[in-house]
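Here is a short briefing to read alongside the model. Have the viewer open, and follow the bullets topic by topic.

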Amino acid sequence: HSTGIRLVANLSGTPPPPPPPPPPPGSEGTSFFGGAVSILDNQPGAPYPSTVNVTDLGGTITKVTVRLDGLDHTYPDDVDIALVGPGGQAVMLMSDAGGSADVNGVSLTFDSSASPPLPNASQISSGVFQPVNYGGTDAFAAPAPGGSYGTSLNVFNGLVPNGTWRLYVVDDCGVDVGSIGLWTLTVTTDSTTPPPPDSTPD
């Protein structure tokens with residue numbers, strides 16, 4: 001019997017498949033970080049709003065997600081959280097979700113392409129969720145925009161990303177409080193090329 005190495009030839013003549021193509025420009029997104037927010041009892045949070053400044057992103061938006069880390073609250077149904085873009089478009093991320101069960105150190109990512117929304121009355125746990133508004137008509141005090149807010153982050157698609165993004169947090173009922181450890185805005189555009197420098201005279 002032979003003890004040599006056996007070589008198997010590719011007799012089909014078919015070349016191996018090519019490697020997968022690289023991801024399109026900007027597909028990974030660029031993240032910008034906001035600070036902690038105190039969720040105060042029956043009033044706007046502090047700071048109000050919490051802001052991040054997006055700069056030097058080229059192209060237009062193809063996707064926006066928001067992540068909240070270290071979310072604590074003793075009655076999450078009281079919490080209303082909205083994101084407002086540089087152009088004033090407003091999206092309710094969560095309102096009147098989660099019922100009465102405490103949340104402690106939860107991480108929530110809001111993504112309009114996610115499958116489930118946050119639960120209405122059951123325990124909130126960490127995960128990726130669609131934005132949701134169970135309250136319907138919750139209002140935010142100025143300087144937040146007036147009127148009703150949608151729940152789709154796709155409202156930002158096609159817009160220029162640069163400018164100040166604002167996170168508004170409100171507790172809309174008495175007794176309970178909470179906090180957010182930090183929040184992250186991730187913006188994906190159709191280009192990784194920075195915009196041209198501003199040539200406007202000072």
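**Briefing: a chain of strands**

Leaving aside residues up to four places away in sequence, Ser-107 touches Arg-67, Leu-68, Asp-69, Gly-70, Ser-126 and Gly-127, where a contact means heavy atoms within 4.5 Å. This is a predicted model, in which local features need pLDDT of at least 70 and side-chain atom pairs count only at pLDDT 80 or more, while totals for chains, interfaces and linings use all residues. Residues are numbered from 1 along each chain as its sequence is written, and side-chain values use heavy atoms, with hydrogens and water left out.

**The chain as a whole**

- The chain has zero helices and 12 strands; both are DSSP runs numbered from the N terminus, with helices being H or I of at least four residues and strands being E of at least two.
- Read from the N terminus on, the elements run β-β-β-β-β-β-β-β-β-β-β-β.
- Of the 202 residues in the chain, 39% are buried; buried means under 20% relative accessible area, exposed means over 50%, and partly exposed lies in between, using a 1.4 Å probe and protein chains only.
- About 10,700 Å² of the chain is exposed, and carbon and sulfur atoms supply 56% of that area; the areas come from the Shrake-Rupley method with a 1.4 Å probe, and for residues only the protein chains shown count as cover.
- Among contacts between residues at least 6 apart in sequence, 74% join residues at least 24 apart.

**How far to trust the coordinates**

- The mean pLDDT of the chain is 87, and 81% of its residues reach 70 or more; pLDDT is the predictor's confidence in each residue, from 0 to 100.
- Over residues 1–12 pLDDT stays under 50, and the model has zero contacts for them beyond four places in sequence.
- Residues 20–26 also have pLDDT under 50 throughout, and for this stretch the model has eight contacts beyond four places in sequence.
- Where pLDDT is low, the predicted coordinates should not be read in detail.

**Strand 7 and its partners**

- Six of the eight residues of strand 7 (residues 103–110) are buried, so this strand is largely enclosed by the rest of the structure.
- Ser-107 is found in strand 7 and is buried, with a relative accessible area of 17%.
- Strand 4 and strand 7 run antiparallel and are joined by five bridges; two strands pair if DSSP finds at least two bridges between them.
- Arg-67 has Thr-109 of strand 7 as its bridge partner.
- Strand 7 and strand 8 (residues 127–129) run parallel, with three bridges joining them.
- Leu-108 stands opposite Gly-127 in strand 8.
- As background, strands of a sheet pair through backbone hydrogen bonds, either parallel or antiparallel.

**The open five-stranded sheet**

- Five strands form an open sheet in the order 3-10-5-6-9, with mixed pairing.
- Strand 3 and strand 9 are the edge strands, each pairing on one side only.
- Strand 3 and strand 10 run antiparallel and are joined by five bridges.
- Asn-53 has Thr-164 in strand 10 as its bridge partner.

**Backbone points worth a look**

- Most residues other than glycine have a negative phi, and most peptide bonds are trans.
- A cis peptide bond with omega of about 0 degrees joins Ala-46 and Pro-47, and Pro-47 lies in the loop between strand 2 (37–39) and strand 3 (50–54).
- The peptide bond from Ala-142 to Pro-143 is cis too, with omega near 15 degrees; Pro-143 is in the loop between strand 9 (132–133) and strand 10 (163–171).
- Asn-42 is not a glycine, yet its phi is positive at about 55 degrees.
- The loop between strand 2 and strand 3 holds Asn-42, which counts as partly exposed at 46% relative accessibility.
- Asp-56, also not a glycine, has a positive phi of about 65 degrees.
- Asp-56 sits in the loop between strand 3 and strand 4 (61–73) and counts as exposed at 60% relative accessibility.

**A link across the sequence**

- Thr-188 has its place in strand 12 (residues 182–189) and counts as buried at 10% relative accessibility.
- Thr-188 and Gly-58 are 130 residues apart in sequence, and C-alpha to C-alpha they are 10.0 Å apart in space.
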